[in-house]
Amino acid sequence: MSVLTDRLPTRNRVINSDPAGPLATRPFGLDALANVAPVGIPSQTFTVDPASQLSVIDGEVCINTPAHMNNTICNTESDGQDAIGGVDEDQNDD
Amino acid sequence: MLVVTFALDPTADYVLRELNARRIPFWRTDLADFPTRSTLSAEVGADGRWRGAMRDATRGVDLSEVRAVWWRKPTPFAFPETMSGPEQVFATSQAKRAVSGVLGSLPGVLWVNRPERNADCTKPRQLAAAAEAGLRVPETLITNNPADIPSFAQRCGGHIITKVLGGIVHTENNTRGQLYTHRVPPEQWNDSRIALTAHLFQREITDKAYEVRVTVVNGQTFPVAIHAPAGPASLDWRRDSHSLRYSTALLPPEVQRGIEAMMWRLDLVFAALDFIVDSNGTHYLVDVNPGGQWAWIDHTRDAITHALANLLEKGSTT
(Lines give C-alpha, C1' and ligand atoms only; values in the text may rest on other atoms or scores of the structure.)
Protein backbone atom coordinates (compact mmCIF):
# COMPACT_ATOMS: atom_id res chain seq x y z
CA MET A 1 0.00 0.00 0.00
CA SER A 2 1.05 3.56 -0.45
CA VAL A 3 1.36 5.83 2.55
CA LEU A 4 2.76 9.28 2.97
CA THR A 5 3.98 8.87 6.52
CA ASP A 6 7.61 8.34 7.45
CA ARG A 7 8.40 4.69 6.86
CA LEU A 8 10.87 4.65 9.73
CA PRO A 9 8.92 6.12 12.65
CA THR A 10 10.93 7.39 15.57
CA ARG A 11 10.26 9.19 18.80
CA ASN A 12 10.48 12.91 18.36
CA ARG A 13 11.69 14.50 21.58
CA VAL A 14 12.15 17.97 20.18
CA ILE A 15 10.41 20.78 22.09
CA ASN A 16 9.36 23.49 19.66
CA SER A 17 10.11 27.05 20.66
CA ASP A 18 7.81 28.76 18.14
CA PRO A 19 4.84 30.48 19.82
CA ALA A 20 1.25 29.76 18.87
CA GLY A 21 -0.02 31.58 15.81
CA PRO A 22 -3.13 33.77 15.63
CA LEU A 23 -6.40 32.16 16.66
CA ALA A 24 -7.89 32.65 13.20
CA THR A 25 -5.50 30.12 11.71
CA ARG A 26 -5.03 27.82 14.70
CA PRO A 27 -6.35 24.36 13.77
CA PHE A 28 -9.54 23.46 15.60
CA GLY A 29 -8.03 20.22 16.88
CA LEU A 30 -5.53 22.11 19.01
CA ASP A 31 -8.37 23.44 21.15
CA ALA A 32 -8.16 20.11 22.99
CA LEU A 33 -4.65 20.86 24.25
CA ALA A 34 -4.41 20.07 27.97
CA ASN A 35 -1.80 19.83 30.72
CA VAL A 36 0.32 22.48 29.07
CA ALA A 37 3.52 22.90 31.03
CA PRO A 38 6.88 24.54 30.43
CA VAL A 39 9.65 22.17 29.50
CA GLY A 40 13.01 22.73 31.08
CA ILE A 41 16.34 21.16 30.39
CA PRO A 42 16.16 17.51 31.51
CA SER A 43 17.94 17.03 34.79
CA GLN A 44 18.46 13.30 34.34
CA THR A 45 20.87 11.50 32.08
CA PHE A 46 19.78 8.32 30.32
CA THR A 47 22.27 5.64 29.40
CA VAL A 48 22.33 1.87 28.90
CA ASP A 49 24.06 -0.41 31.37
CA PRO A 50 26.96 -1.96 29.44
CA ALA A 51 26.57 -5.38 31.05
CA SER A 52 22.82 -5.97 31.24
CA GLN A 53 21.84 -3.48 28.50
CA LEU A 54 19.04 -2.20 30.75
CA SER A 55 18.00 1.46 30.98
CA VAL A 56 19.97 3.59 33.40
CA ILE A 57 18.88 6.89 34.95
CA ASP A 58 21.58 8.93 36.62
CA GLY A 59 23.76 5.88 37.03
CA GLU A 60 21.08 3.58 38.50
CA VAL A 61 19.49 0.70 36.60
CA CYS A 62 15.92 1.93 36.19
CA ILE A 63 14.10 -1.37 36.62
CA ASN A 64 15.86 -1.98 39.94
CA THR A 65 14.93 1.43 41.31
CA PRO A 66 11.25 1.77 42.28
CA ALA A 67 11.48 5.53 42.59
CA HIS A 68 12.48 5.72 38.94
CA MET A 69 9.97 3.15 37.74
CA ASN A 70 7.08 4.93 39.42
CA ASN A 71 7.81 8.08 37.48
CA THR A 72 9.05 6.94 34.12
CA ILE A 73 7.24 6.66 30.84
CA CYS A 74 6.62 3.04 31.77
CA ASN A 75 4.06 3.93 34.40
CA THR A 76 2.71 7.32 33.46
CA GLU A 77 2.36 6.82 29.76
CA SER A 78 0.56 9.68 28.06
CA ASP A 79 -0.69 11.59 31.06
CA GLY A 80 2.29 13.90 30.98
CA GLN A 81 2.51 14.24 34.74
CA ASP A 82 6.12 14.48 35.86
CA ALA A 83 7.12 11.57 33.67
CA ILE A 84 10.85 11.04 33.53
CA GLY A 85 11.78 10.93 29.90
CA GLY A 86 8.58 12.59 28.82
CA VAL A 87 5.62 10.96 27.19
CA ASP A 88 5.63 9.22 23.88
CA GLU A 89 5.50 11.59 21.00
CA ASP A 90 5.46 9.19 18.11
CA GLN A 91 2.48 8.24 16.07
CA ASN A 92 0.02 5.65 17.35
CA ASP A 93 2.17 4.88 20.30
CA ASP A 94 0.33 5.39 23.53
CA MET B 1 18.74 -10.65 18.26
CA LEU B 2 18.55 -6.92 17.76
CA VAL B 3 16.59 -4.57 20.03
CA VAL B 4 16.13 -1.07 18.65
CA THR B 5 15.04 1.47 21.22
CA PHE B 6 15.80 4.66 23.14
CA ALA B 7 18.18 4.54 26.12
CA LEU B 8 15.25 4.94 28.52
CA ASP B 9 12.75 2.18 27.83
CA PRO B 10 11.68 0.57 31.10
CA THR B 11 8.93 -1.38 29.36
CA ALA B 12 11.47 -3.10 27.15
CA ASP B 13 13.68 -3.66 30.19
CA TYR B 14 11.27 -6.25 31.60
CA VAL B 15 11.77 -8.37 28.50
CA LEU B 16 15.50 -7.69 28.28
CA ARG B 17 15.92 -8.75 31.91
CA GLU B 18 14.13 -11.98 31.06
CA LEU B 19 16.35 -12.53 28.01
CA ASN B 20 19.40 -11.99 30.21
CA ALA B 21 18.10 -14.59 32.66
CA ARG B 22 17.68 -17.03 29.79
CA ARG B 23 21.16 -16.16 28.51
CA ILE B 24 19.75 -15.21 25.13
CA PRO B 25 22.27 -12.96 23.35
CA PHE B 26 20.95 -9.65 22.08
CA TRP B 27 22.25 -6.22 21.18
CA ARG B 28 20.35 -3.13 22.24
CA THR B 29 20.92 -0.08 20.11
CA ASP B 30 19.20 3.16 19.16
CA LEU B 31 19.10 4.77 15.75
CA ALA B 32 20.47 7.85 17.52
CA ASP B 33 23.68 5.90 18.09
CA PHE B 34 24.34 5.82 14.35
CA PRO B 35 26.81 6.91 13.10
CA THR B 36 28.62 8.45 16.08
CA ARG B 37 28.52 5.40 18.38
CA SER B 38 27.64 2.54 16.04
CA THR B 39 28.72 1.39 12.61
CA LEU B 40 27.17 -0.49 9.74
CA SER B 41 29.26 -2.45 7.28
CA ALA B 42 27.43 -4.66 4.81
CA GLU B 43 28.14 -6.17 1.43
CA VAL B 44 25.66 -7.91 -0.80
CA GLY B 45 26.60 -11.32 -2.17
CA ALA B 46 25.80 -12.92 -5.50
CA ASP B 47 23.08 -14.82 -3.67
CA GLY B 48 21.38 -11.56 -2.73
CA ARG B 49 22.24 -11.83 0.95
CA TRP B 50 23.73 -8.97 2.88
CA ARG B 51 26.73 -9.97 4.96
CA GLY B 52 28.58 -7.88 7.47
CA ALA B 53 27.90 -6.41 10.88
CA MET B 54 26.32 -3.61 12.79
CA ARG B 55 28.00 -2.83 16.09
CA ASP B 56 29.13 -0.34 18.68
CA ALA B 57 32.28 -0.26 20.77
CA THR B 58 31.33 -3.28 22.87
CA ARG B 59 28.63 -5.26 21.10
CA GLY B 60 27.00 -5.85 17.78
CA VAL B 61 25.32 -8.33 15.48
CA ASP B 62 26.61 -10.37 12.59
CA LEU B 63 23.99 -9.73 9.93
CA SER B 64 23.92 -13.38 8.92
CA GLU B 65 23.01 -14.38 12.48
CA VAL B 66 20.13 -11.98 13.14
CA ARG B 67 16.98 -13.99 13.82
CA ALA B 68 14.74 -11.37 15.41
CA VAL B 69 14.41 -7.60 15.53
CA TRP B 70 12.38 -6.00 18.30
CA TRP B 71 11.51 -2.54 17.04
CA ARG B 72 10.57 -0.55 20.12
CA LYS B 73 11.00 3.20 20.40
CA PRO B 74 14.13 4.46 18.69
CA THR B 75 15.04 8.12 18.48
CA PRO B 76 16.26 9.68 15.23
CA PHE B 77 19.74 9.33 13.77
CA ALA B 78 22.09 11.89 15.29
CA PHE B 79 24.85 13.68 13.44
CA PRO B 80 27.53 16.20 14.35
CA GLU B 81 25.98 19.55 15.25
CA THR B 82 28.35 21.24 12.85
CA MET B 83 26.45 19.70 9.94
CA SER B 84 24.19 22.25 8.28
CA GLY B 85 20.47 21.62 8.02
CA PRO B 86 20.64 20.41 4.41
CA GLU B 87 23.64 18.24 5.27
CA GLN B 88 21.68 16.66 8.12
CA VAL B 89 18.75 16.01 5.78
CA PHE B 90 21.09 14.28 3.36
CA ALA B 91 22.81 12.29 6.09
CA THR B 92 19.47 11.21 7.56
CA SER B 93 18.19 10.15 4.17
CA GLN B 94 21.29 8.06 3.58
CA ALA B 95 21.24 6.50 7.04
CA LYS B 96 17.57 5.55 7.14
CA ARG B 97 17.68 3.90 3.74
CA ALA B 98 20.86 2.04 4.56
CA VAL B 99 20.01 0.81 8.05
CA SER B 100 16.37 -0.03 7.46
CA GLY B 101 17.11 -1.30 3.98
CA VAL B 102 19.87 -3.70 4.97
CA LEU B 103 18.11 -4.96 8.10
CA GLY B 104 14.80 -5.18 6.27
CA SER B 105 16.38 -7.29 3.53
CA LEU B 106 17.73 -9.98 5.83
CA PRO B 107 15.91 -13.24 5.17
CA GLY B 108 14.11 -15.27 7.79
CA VAL B 109 14.04 -12.55 10.41
CA LEU B 110 11.16 -12.09 12.84
CA TRP B 111 10.19 -8.41 13.18
CA VAL B 112 8.15 -7.20 16.14
CA ASN B 113 6.94 -5.17 14.26
CA ARG B 114 8.37 -4.10 10.94
CA PRO B 115 8.62 -0.30 11.27
CA GLU B 116 6.84 0.25 7.98
CA ARG B 117 3.88 -1.74 9.32
CA ASN B 118 3.80 0.59 12.32
CA ALA B 119 3.92 3.56 9.96
CA ASP B 120 1.08 2.10 7.90
CA CYS B 121 -1.09 1.71 10.97
CA THR B 122 -2.71 5.11 10.67
CA LYS B 123 -6.03 5.79 12.34
CA PRO B 124 -8.02 5.59 9.07
CA ARG B 125 -6.34 2.33 8.11
CA GLN B 126 -6.75 0.71 11.51
CA LEU B 127 -10.44 1.61 11.71
CA ALA B 128 -11.00 0.25 8.22
CA ALA B 129 -9.10 -2.95 9.02
CA ALA B 130 -11.06 -3.39 12.24
CA ALA B 131 -14.40 -3.00 10.51
CA GLU B 132 -13.32 -5.34 7.70
CA ALA B 133 -12.33 -7.85 10.36
CA GLY B 134 -15.81 -7.77 11.86
CA LEU B 135 -15.05 -5.56 14.86
CA ARG B 136 -17.39 -2.74 15.80
CA VAL B 137 -15.98 0.76 15.41
CA PRO B 138 -17.78 3.97 16.37
CA GLU B 139 -19.21 5.99 13.51
CA THR B 140 -16.28 8.09 12.31
CA LEU B 141 -15.97 11.13 10.08
CA ILE B 142 -12.71 12.57 8.81
CA THR B 143 -13.15 15.94 7.17
CA ASN B 144 -11.95 19.49 6.81
CA ASN B 145 -15.42 20.63 5.78
CA PRO B 146 -17.29 22.18 8.73
CA ALA B 147 -20.56 21.73 6.84
CA ASP B 148 -20.20 17.95 7.28
CA ILE B 149 -20.31 18.11 11.05
CA PRO B 150 -23.93 19.01 11.94
CA SER B 151 -25.48 16.18 9.94
CA PHE B 152 -22.91 13.68 11.23
CA ALA B 153 -23.50 14.84 14.78
CA GLN B 154 -27.25 14.50 14.35
CA ARG B 155 -26.77 10.91 13.19
CA CYS B 156 -24.74 10.36 16.35
CA GLY B 157 -27.50 11.64 18.61
CA GLY B 158 -25.74 14.96 19.05
CA HIS B 159 -22.85 13.46 21.00
CA ILE B 160 -19.54 13.54 19.13
CA ILE B 161 -15.89 13.71 20.10
CA THR B 162 -12.75 14.62 18.26
CA LYS B 163 -9.38 12.98 18.63
CA VAL B 164 -6.06 13.43 16.93
CA LEU B 165 -5.02 11.34 13.95
CA GLY B 166 -1.45 11.04 15.22
CA GLY B 167 0.53 11.44 18.42
CA ILE B 168 -1.10 13.21 21.33
CA VAL B 169 1.85 15.37 22.35
CA HIS B 170 2.01 18.94 21.09
CA THR B 171 4.88 21.29 21.85
CA GLU B 172 5.15 25.00 21.15
CA ASN B 173 6.59 28.03 22.89
CA ASN B 174 8.84 25.72 24.93
CA THR B 175 5.81 24.06 26.49
CA ARG B 176 4.40 20.58 26.13
CA GLY B 177 0.78 19.51 26.30
CA GLN B 178 -1.40 16.57 25.33
CA LEU B 179 -4.30 16.34 22.92
CA TYR B 180 -6.81 14.04 24.55
CA THR B 181 -10.19 12.92 23.28
CA HIS B 182 -12.38 16.00 23.41
CA ARG B 183 -16.16 16.51 23.27
CA VAL B 184 -17.45 18.75 20.48
CA PRO B 185 -20.57 20.63 21.61
CA PRO B 186 -23.10 21.97 19.06
CA GLU B 187 -21.77 25.52 19.17
CA GLN B 188 -18.49 24.22 17.71
CA TRP B 189 -19.93 22.13 14.88
CA ASN B 190 -19.56 24.97 12.38
CA ASP B 191 -16.20 26.25 13.58
CA SER B 192 -14.46 27.62 10.50
CA ARG B 193 -11.09 26.47 11.83
CA ILE B 194 -12.12 22.87 11.15
CA ALA B 195 -11.34 23.75 7.53
CA LEU B 196 -7.70 24.44 8.32
CA THR B 197 -6.71 20.77 8.27
CA ALA B 198 -8.23 17.30 8.47
CA HIS B 199 -10.01 16.39 11.72
CA LEU B 200 -11.44 13.13 13.00
CA PHE B 201 -14.87 13.11 14.61
CA GLN B 202 -16.48 10.10 16.22
CA ARG B 203 -19.71 9.15 17.94
CA GLU B 204 -19.24 9.36 21.68
CA ILE B 205 -20.11 6.06 23.35
CA THR B 206 -22.24 7.75 25.99
CA ASP B 207 -23.16 4.59 27.89
CA LYS B 208 -19.57 3.51 28.37
CA ALA B 209 -19.28 0.85 31.07
CA TYR B 210 -15.51 0.49 31.02
CA GLU B 211 -12.62 0.19 28.61
CA VAL B 212 -10.38 -2.72 27.76
CA ARG B 213 -6.75 -2.63 26.75
CA VAL B 214 -5.84 -5.76 24.86
CA THR B 215 -2.17 -6.42 24.32
CA VAL B 216 -1.62 -8.83 21.45
CA VAL B 217 1.58 -10.86 21.10
CA ASN B 218 1.63 -13.11 18.06
CA GLY B 219 -2.02 -14.07 18.40
CA GLN B 220 -2.06 -14.32 22.18
CA THR B 221 -4.33 -11.73 23.77
CA PHE B 222 -3.91 -10.18 27.21
CA PRO B 223 -7.02 -8.15 28.01
CA VAL B 224 -7.40 -5.89 31.04
CA ALA B 225 -10.47 -3.85 31.95
CA ILE B 226 -9.76 -0.21 32.77
CA HIS B 227 -12.16 1.57 35.08
CA ALA B 228 -11.88 5.36 35.22
CA PRO B 229 -13.65 7.50 37.83
CA ALA B 230 -16.10 10.22 36.85
CA GLY B 231 -14.28 13.25 35.53
CA PRO B 232 -11.88 13.93 32.68
CA ALA B 233 -10.43 10.41 32.73
CA SER B 234 -13.84 8.92 32.03
CA LEU B 235 -13.69 10.30 28.48
CA ASP B 236 -10.01 9.54 27.96
CA TRP B 237 -8.33 7.39 30.59
CA ARG B 238 -4.88 8.63 29.58
CA ARG B 239 -5.69 11.95 31.28
CA ASP B 240 -5.15 10.56 34.77
CA SER B 241 -3.41 7.21 34.96
CA HIS B 242 -3.13 7.38 38.75
CA SER B 243 -6.91 7.31 39.18
CA LEU B 244 -7.50 4.15 37.17
CA ARG B 245 -8.55 0.75 38.49
CA TYR B 246 -7.81 -2.44 36.59
CA SER B 247 -9.55 -5.81 36.59
CA THR B 248 -9.53 -9.05 34.66
CA ALA B 249 -11.43 -8.99 31.39
CA LEU B 250 -12.68 -11.70 29.09
CA LEU B 251 -13.12 -11.10 25.39
CA PRO B 252 -16.26 -12.35 23.60
CA PRO B 253 -15.35 -14.99 20.99
CA GLU B 254 -16.38 -12.73 18.10
CA VAL B 255 -14.08 -9.98 19.39
CA GLN B 256 -11.22 -12.45 19.74
CA ARG B 257 -11.76 -13.59 16.16
CA GLY B 258 -12.00 -10.00 14.96
CA ILE B 259 -8.71 -9.12 16.63
CA GLU B 260 -6.95 -12.02 14.94
CA ALA B 261 -8.31 -11.00 11.54
CA MET B 262 -7.45 -7.33 12.06
CA MET B 263 -3.89 -8.09 13.16
CA TRP B 264 -3.46 -10.20 10.04
CA ARG B 265 -4.79 -7.41 7.84
CA LEU B 266 -2.45 -4.89 9.46
CA ASP B 267 0.44 -7.37 9.31
CA LEU B 268 1.28 -6.73 12.97
CA VAL B 269 2.82 -9.23 15.37
CA PHE B 270 2.37 -6.94 18.37
CA ALA B 271 -0.11 -4.20 19.23
CA ALA B 272 -1.90 -2.68 22.20
CA LEU B 273 -5.57 -2.25 21.36
CA ASP B 274 -8.13 -0.03 23.06
CA PHE B 275 -11.81 -0.94 23.22
CA ILE B 276 -14.73 0.91 24.75
CA VAL B 277 -17.36 -1.45 26.18
CA ASP B 278 -20.89 -0.07 26.47
CA SER B 279 -23.60 -1.06 28.92
CA ASN B 280 -24.76 -3.82 26.59
CA GLY B 281 -21.30 -5.36 26.43
CA THR B 282 -20.63 -4.22 22.88
CA HIS B 283 -16.90 -3.79 22.28
CA TYR B 284 -15.93 -0.82 20.10
CA LEU B 285 -12.39 -0.81 18.75
CA VAL B 286 -11.12 2.76 19.08
CA ASP B 287 -7.34 2.54 18.80
CA VAL B 288 -4.54 0.29 17.59
CA ASN B 289 -1.12 1.13 19.05
CA PRO B 290 1.54 -0.90 17.22
CA GLY B 291 4.21 0.33 19.62
CA GLY B 292 1.92 0.61 22.62
CA GLN B 293 2.93 0.34 26.24
CA TRP B 294 1.83 -2.48 28.54
CA ALA B 295 4.18 -2.80 31.51
CA TRP B 296 2.41 -0.26 33.70
CA ILE B 297 -0.49 -2.68 34.25
CA ASP B 298 0.44 -5.15 36.99
CA HIS B 299 -2.22 -7.70 36.01
CA THR B 300 -0.63 -8.69 32.73
CA ARG B 301 2.98 -7.49 32.95
CA ASP B 302 4.59 -10.85 33.70
CA ALA B 303 2.53 -12.75 31.15
CA ILE B 304 3.30 -10.27 28.38
CA THR B 305 6.97 -10.19 29.36
CA HIS B 306 7.18 -13.96 28.98
CA ALA B 307 5.15 -14.02 25.77
CA LEU B 308 7.45 -11.47 24.15
CA ALA B 309 10.59 -13.18 25.43
CA ASN B 310 9.33 -16.52 24.15
CA LEU B 311 8.52 -15.04 20.76
CA LEU B 312 11.85 -13.25 20.38
CA GLU B 313 13.78 -16.29 21.55
CA LYS B 314 11.95 -18.48 19.06
CA GLY B 315 12.49 -16.01 16.24
CA SER B 316 9.39 -17.10 14.42
CA THR B 317 5.64 -16.58 14.57
CA THR B 318 4.94 -20.22 13.76
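How many Å separate the centres of domain 1 of chain B and domain 2 of chain B, taken over C-alpha atoms? The separation is 29 Å. Keep in mind throughout that this is a predicted model.

**Stop 1: the domains of chain B**

Colour chain B by its domain assignment. Domain 1 covers 2–112. Domain 2 comes in two pieces, 114–136 and 207–296. Domain 3 is 139–204.

Now select the contact between domain 1 and domain 2 of chain B. Nine residues of domain 1 touch eight residues of domain 2. On the domain 1 side, α1 and β7 (110–112) of chain B each supply at least two residues. The largest share of that side comes from α1(B), with three residues. By class, the domain 1 side holds five nonpolar, two polar and two charged residues.

**Stop 2: helix α1 of chain B**

Select residues 10–21 of chain B. This is helix α1, with 12 residues. From first C-alpha to last, α1(B) reaches 17 Å, close to the 16 Å expected at 1.5 Å a residue.

Which residues of α1(B) are buried? They are P10(B), T11(B), A12(B), D13(B), Y14(B), V15(B), L16(B) and L19(B). Show their surroundings, and both chains appear. In chain A, these buried residues pack against β3 (55–57) and α1 (66–69). In chain B, they pack against β1 (2–4), β2 (27–29) and α8 (298–314).

Step past the end of the helix to R23(B), which follows α1(B). The phi of R23(B) is positive, near 60 degrees.

**Stop 3: chain A**

Hide chain B for a moment. Chain A has one helix and four strands. Along the sequence, the pattern reads β-β-β-β-α. Chain A has 94 residues, of which 38% count as buried. Take the contacts in chain A with a separation of 6 or more: 26% of them join residues 24 or more positions apart.

Next, colour chain A by pLDDT. The mean is 75, and 67% of the residues reach 70 or more. Where does pLDDT stay under 50 in chain A? Select residues 87–94 to see that stretch. The model still has 45 contacts beyond four places in sequence for these residues.

**Stop 4: where the chains meet**

Bring chain B back. The contact takes 59 residues from chain A and 63 residues from chain B. On the chain A side, β1 (33–38), β2 (46–48) and β3 each supply at least two residues. The strand that gives the most is β1(A), with six residues. The chain A side divides into 27 nonpolar, 19 polar and 13 charged residues.

**Stop 5: a strand pair across the chains**

Keep β1(A) selected and add residues 175–179 of chain B, which form strand β11. In what sense do β1(A) and β11(B) pair? The sense is antiparallel, over four bridges. Zoom in on P38(A): its bridge partner in β11(B) is T175(B).

**Stop 6: the hairpin in chain B**

Stay on β11(B) and add residues 169–172 of chain B, which form strand β10. Four bridges join β10(B) to β11(B), and the two run antiparallel. One pair to label is T171(B), which stands opposite R176(B).

Finish at the turn. Two residues lie between β10(B) and β11(B), which form a hairpin. Select N173(B) in that turn and read its phi: the angle is positive, about 55 degrees.

How values were computed. Residues numbered from 1 in each chain as written. Chains lettered and ligands numbered in written order. Predicted model: local features only at pLDDT ≥ 70, side-chain atom pairs only at ≥ 80, totals over all residues. Expected span 1.5 Å × (residues − 1). Buried ≥ 20, exposed ≤ 12 C-beta atoms within 10 Å, placed from the backbone. Contact = placed C-beta atoms within 7 Å. Nonpolar A, V, L, I, M, F, W, Y, C, P; charged D, E, K, R; others polar. Pairing = 2+ DSSP bridges. pLDDT = per-residue confidence, 0-100. Domains from an automatic or database assignment.
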